[in-house]
Amino acid sequence: MVLDLFENRELYFNMHSGFKPAFEFIEACISGNPLPGKYEINAEKVYAMVQEYETVPGNEILWEAHRKYIDIQYIYRGSELIHCANIREMPPDTVYNEERDCLLCSFNGGMQLKLDTGSFAVFYPHDMHKPMCMADSPSKVKKIIVKVAVQE
């Protein structure tokens with residue numbers, strides 16, 4: 001898991017071949033006002049989703065983890081808490097949905113990251129995460145999530 005400000009993005013370009021195009025897409029969105037939806041960047045290897053929502057109490061959200069994709073979650077506007085934990089802490093009865101590339105579960109534990117406008121987090125397959133959680137009060141959030149295939 002990585003938590004940083006967008007201005008430091010170049011530090012991560014060499015971590016994976018998909019990170020540079022992912023951050024370039026985010027950079028192009030920053031100067032505009034991206035509409036919610038799915039955006040192809042590099043076929044199945046790198047794609048993005050722009051979402052708008054209001055954060056909710058953490059107990060209303062399930063934990064998730066992915067096997068095929070790394071998540072880069074950038075806060076375009078607003079702020080939210082994202083809970084995170086190592087996948088080894090995931091309950092053993094959790095089922096993987098291959099079509100959605102998603103493990104979903106309920107879990108008590110982990111740590112909280114606060115992301116504000118201009119910050120991003122990177123979640124690898126071993127990082128369970130629970131996004132969309134409110135900090136002190138509900139916040140309207142616009143987020144860019146870039147999915148980078150683990151297999152280069």
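**Asp71, the cysteines and the salt bridges**

The side chains of Asp71 and His66 are joined by a polar contact of 3.4 Å. That is a figure from a predicted model, as is everything that follows. Asp71 has a second partner too: a polar contact of 2.6 Å links its side chain to that of Lys147. The residue sits in strand β5, which covers residues 69–77. With a relative accessibility of just 1%, Asp71 counts as buried, because the cut-off for that label is under 20%. Once neighbours within four places in sequence are set aside, Asp71 is in contact with Glu64, His66, Ala121, Val122, Phe123, His129, Ile145, Val146 and Lys147. So both polar partners, His66 and Lys147, turn up in that contact list as well.

On to the cysteines. The structure holds zero disulfides. Cys102, for one, is in no disulfide, and the nearest cysteine sulfur, that of Cys105, is 9.6 Å away. Cys102 is buried, at 6% relative accessibility. For Cys133, the closest cysteine sulfur belongs to Cys84 and is 11 Å off; that is too far for a bond, because a disulfide needs the two sulfurs within 2.5 Å. Cys133 is buried as well, at 0% relative accessibility.

Salt bridges are another matter: the structure holds nine of them. One of these pairs Glu27 with Arg9, with 3.2 Å between the closest N and O atoms. Glu27 belongs to helix α1 (residues 19–30), while Arg9 is in the loop between β1 (2–5) and α1, so this bridge ties together parts that are 18 residues apart in sequence. Glu27 is partly exposed at 40% relative accessibility, whereas Arg9 is buried at 14%.

Strand β3 (residues 46–54) supplies Glu52, which meets Arg77 of strand β5, so that pair ties together parts 25 residues apart in sequence. The N to O distance in the Glu52 and Arg77 bridge is 3.2 Å. Glu52 is partly exposed, with a relative accessible area of 43%, and Arg77 is partly exposed at 39%.

Glu54, also in strand β3, reaches a distant part of the chain: its partner Lys140 is in strand β12 (residues 140–149), 86 residues apart. The closest N and O atoms of Glu54 and Lys140 are 3.6 Å apart. Glu54 counts as partly exposed at 38% relative accessibility, while Lys140 is exposed at 63%. Finally, salt bridges with shared partners join Glu52, Arg77 and Lys142 into one network.

Terms used. Residues are numbered from 1 along each chain as its sequence is written. This is a predicted model: local features need pLDDT of at least 70, side-chain atom pairs count only at pLDDT 80 or more; totals for chains, interfaces and linings use all residues. Side-chain values use heavy atoms; hydrogens and water are left out. Helices (H or I, at least four residues) and strands (E, at least two) are DSSP runs, numbered from the N terminus. Buried means under 20% relative accessible area, exposed over 50%, partly exposed in between (1.4 Å probe, protein chains only). A polar contact is a pair of N or O atoms within 3.5 Å; within protein, one must be able to donate a hydrogen and the other to accept it, and residues adjacent in sequence count only if both atoms are side-chain atoms. Contact means heavy atoms within 4.5 Å. A salt bridge is a side-chain nitrogen of Lys or Arg within 4 Å of a carboxyl oxygen of Asp or Glu.
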